[in-house]
Amino acid sequence: MSTAMGGPALFIGTDTTYVALVRPRLDPADPEVREAAEQAGVSPEEFAGPGTVWALMWEQDGVDGGGFELPGLRDAEAEDFADRLLAELSFESGPFTVGAGEVLQLRAYPEGEGCRFTAVVTPPEGEELAPVTLDVPAVDADALRADLADFRGSLA
């Protein structure tokens, strides 16, 4: 349903191994959304929802993935996470860890012109998911900086 999704999104990783902080916004007029709403027995508007709930998603090696909602997360907190990650990407003090509350800890390591991450995802209480540790392959640091700037701009 990727053509129907919008809203702020920050993906850290590659196509096959990543963590993502997203606030999906579905378009009730999109045919895929309308079809899914019909299957769910609700109106497209109800199915799409307000687009104000954040989610944390991940995938490892293109096979194992998951995610959960973060209903208490506000835009300001997502922006703060992005700001702290951006500030540390210079690696002036070496490897670093940046957290997004208790649900995500990113440990970053410089690697050539890029950086790699170990992401520890801890689902909130009440989720039936086990904690997950992902080894995110190296990504281009400049591209990540640009993605962080775009993400921050999408919150405005």
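A residue counts as buried when its relative accessible area is under 20%, as exposed when that area is over 50%, and as partly exposed in between. By that yardstick, Tyr109 is partly exposed, because its relative accessible area comes to 25%. This value, like everything below, comes from a predicted model.

Tyr109 makes a handy starting point for a look around. This residue sits in strand S8, which covers residues 104-111. Leaving aside residues up to four places away in sequence, Tyr109 touches Phe91, Pro95, Gly114, Cys115, Arg116 and Thr118. Pro31, on the other hand, is a long way off: 78 residues separate Tyr109 and Pro31 in sequence, and their C-alpha atoms are 43 Å apart in space.

One of the residues touched by Tyr109, Phe91, deserves a second glance. Phe91 is found in the loop that links helix H3 (75-88) with strand S7 (96-100). Its phi is positive, about 60°, even though Phe91 is not a glycine. Phe91 also counts as buried, because its relative accessibility of 14% falls under the 20% limit.

Going back along the chain from that loop leads to helix H3 itself. H3 is made of 14 residues and spans 20 Å between its first and last C-alpha, close to the 20 Å expected at 1.5 Å a residue. Buried residues in H3 include Ala78, Phe81, Ala82 and Leu85. These four lie on the same side of H3, because the arc they cover around the axis is only 95°.

Now for the sheet. Four strands form an open sheet in the order S2-S3-S5-S6, and their pairing is antiparallel. In general, strands of a sheet pair through backbone hydrogen bonds, either parallel or antiparallel. The edges here are taken by S2 (9-13) and S6; each has a single partner strand, so one side of each is left without a neighbour in the sheet. On average, and with direction ignored, neighbouring strands of this sheet are turned by 10° against each other.

Helix H4, residues 141-154, packs on this sheet and touches S2, S3 and S5. The direction of H4 makes about 165° with that of S2.

Walking across the sheet, one pairing at a time, starts at S2. Five bridges tie S2 to S3 (residues 18-22), and the two run antiparallel. Within this pairing, Ala9 has Val22 in S3 as its bridge partner. The next step goes from S3 to S5, again antiparallel and again with five bridges. Here Leu21 faces Leu56 of S5 across the pairing, standing opposite it. Last comes the pairing of S5 with S6, which is antiparallel and runs over seven bridges. In this case Trp58 stands opposite Gly66 in S6.

S5 and S6 also make a hairpin, with three residues between the strands. Asp61 belongs to the loop there, between S5 (54-60) and S6 (64-70). The phi of Asp61 is near 55°, a positive value in a residue other than glycine. So is Asp61 buried or exposed? Asp61 counts as exposed, because its relative accessibility is 57% and the cut-off is over 50%. Both loop residues described here thus have a positive phi, near 55° for Asp61 and about 60° for Phe91, but Asp61 is exposed, whereas Phe91 is buried.

Definitions and conventions. Residues are numbered from 1 along each chain as its sequence is written. This is a predicted model: local features need pLDDT of at least 70, side-chain atom pairs count only at pLDDT 80 or more; totals for chains, interfaces and linings use all residues. Side-chain values use heavy atoms; hydrogens and water are left out. Buried means under 20% relative accessible area, exposed over 50%, partly exposed in between (1.4 Å probe, protein chains only). Contact means heavy atoms within 4.5 Å. The expected span of a helix is 1.5 Å times one less than its number of residues. The arc is that of the directions from the helix axis to the C-beta atoms. Two strands pair if DSSP finds at least two bridges between them. Axes are lines fitted to C-alpha atoms, for helices over the stretch in contact, and angles run from 0 to 180 degrees between N-to-C directions.
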